[in-house]
Amino acid sequence: MQVDKQALLKEFRTRLGDELATMARIAQEAAAAASHEENKPENDKDMRSTEASYIARGQAERARELERSLALLGSIHVRAFAPGDGIAATALVTLVHRGAKLVCFVLPAAGGQRVKVGGTEVQVVTPTSPLGAALMGLSEGDEAEVPTPQGTKVYEVESVA
């Protein structure tokens with residue numbers, strides 16, 4: 001499968017940017033709600049204000065996490081992989097598991113994001129995820145064993161680009 005990895009990376013950056021804009025707006029709204037008149041405690045057992053501040057803090061942290069991920073993807077160098085090269089960041093990997101193919105783009109951020117390219121779904125896998133960790137350093141023809149709650153899954157590395 002021939003895929004422009006630069007274009008793919010740009011698409012994932014755009015998606016993270018959109019998610020960041022949404023999350024920043026939600027974080028601001030949550031912060032405003034935490035100090036809103038309706039959330040003032042009516043008695044010493046009323047926790048509305050405290051709960052709203054927890055939510056606001058969580059939303060703000062998610063926005064900061066997205067900012068860090070976006071910066072990381074903005075500075076990453078897309079590498080070309082030759083036959084026999086081991087899987088590393090920016091590898092586009094085709095895996096086979098029980099006859100089904102899975103195409104993964106190994107990136108240090110945006111794990112789980114998916115995009116369709118020419119009828120094929122490409123999913124971001126980070127090196128710190130169970131699948132990503134199992135793939136690092138493998139090359140075409142190798143097998144990755146990934147522990148899951150349903151038991152160990154074995155993926156064959158069909159190609160690395």
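This is a short tour of a predicted model, one selection at a time.

**The whole chain**

Start with the full chain in cartoon view. Its secondary structure comes to three helices and six strands. Followed along the sequence, these elements give the pattern α-α-β-β-β-β-α-β-β. The radius of gyration is 20 Å, well over the 15 Å that the globule rule gives for 161 residues, so the chain is more spread out than a compact globule. Turn the C-alpha trace to view its principal axes: the spans along them are about 65 × 35 × 25 Å. Of the 161 residues in the chain, 35% are buried. Among contacts with a separation of 6 or more, 50% are between residues 24 or more positions apart.

**The aromatic pair**

Next, select Phe12 and Phe105 and show their side chains. How many aromatic pairs does the structure hold? The structure holds one. The ring centres of Phe12 and Phe105 are 6.4 Å apart and the planes meet at 35°, so the pair is tilted. Phe12 belongs to helix H1 (residues 5-34) and Phe105 to strand E2 (residues 100-106), so the pair ties together parts that are 93 residues apart in sequence. Are these two rings found in buried or exposed residues? Phe12 counts as buried because its relative accessibility is 0%, under the 20% cut-off. Phe105 is also buried, at 0% relative accessibility.

**The largest core**

Keep Phe105 selected and add Leu8 and Leu107. These three have the most contacts inside the largest nonpolar core, which has 21 residues. H1, helix H2 (48-75), E2 and strand E4 (120-125) each supply at least two residues of this core. H1 gives the most, with six residues. In soluble globular proteins, nonpolar side chains tend to be buried together.

Now centre on Leu8. Not counting residues up to four places away in sequence, Leu8 touches Val3, Leu92, Phe105, Val115, Val117 and Val122. Apart from the largest core lies another, of 16 residues; Val93, Leu131, Leu138 and Val160 are among them.

**The hairpin and Ser139**

Move to residues 143-148, which form strand E5, and residues 151-160, which form strand E6. The two strands pair in the antiparallel sense over six bridges. A hairpin of two residues joins E5 to E6. Select Glu143 and look across to E6: the residue opposite is Glu156.

Step back along the chain to Ser139. This residue is in the loop between helix H3 (130-135) and E5. Is Ser139 buried or exposed? With a relative accessible area of 16%, below the cut-off of 20%, Ser139 is buried. Which residues is Ser139 in contact with, leaving aside its neighbours within four places in sequence? They are Gly84, Asp85, Gly86, Val157 and Val160. Val160 has already appeared on this tour, as one of the residues of the 16-residue core.

**Two arginines**

Select Arg79 together with Phe81. Arg79 lies over the face of the Phe81 ring, at 4.1 Å from the ring centre.

Finish with Arg57, which lies in helix H2. Arg57 counts as exposed because its relative accessibility is 52%, and the cut-off is over 50%. For a last distance, select the C-alpha atoms of Arg57 and Gln123. These atoms are 29 Å apart in space, and the two residues are 66 residues apart in sequence.

Notes. Residues numbered from 1 in each chain as written. Predicted model: local features only at pLDDT ≥ 70, side-chain atom pairs only at ≥ 80, totals over all residues. Heavy atoms only, no water. Pairing = 2+ DSSP bridges. Helix = DSSP H or I, 4+ residues; strand = E, 2+ residues; numbered from the N terminus. Buried < 20%, exposed > 50% of the residue type's maximum accessible area, 1.4 Å probe, protein only. Contact = heavy atoms within 4.5 Å. Phe/Tyr/Trp six-rings, centres within 6.5 Å; stacked < 30°, edge-to-face > 60°. Lys NZ or Arg CZ within 6 Å of the ring centre and 35° of its normal. Core = buried A, V, L, I, M, F, W, Y, C linked by side-chain atoms within 4.5 Å. Rg over C-alpha atoms; globule rule 2.2 N^0.38 Å.
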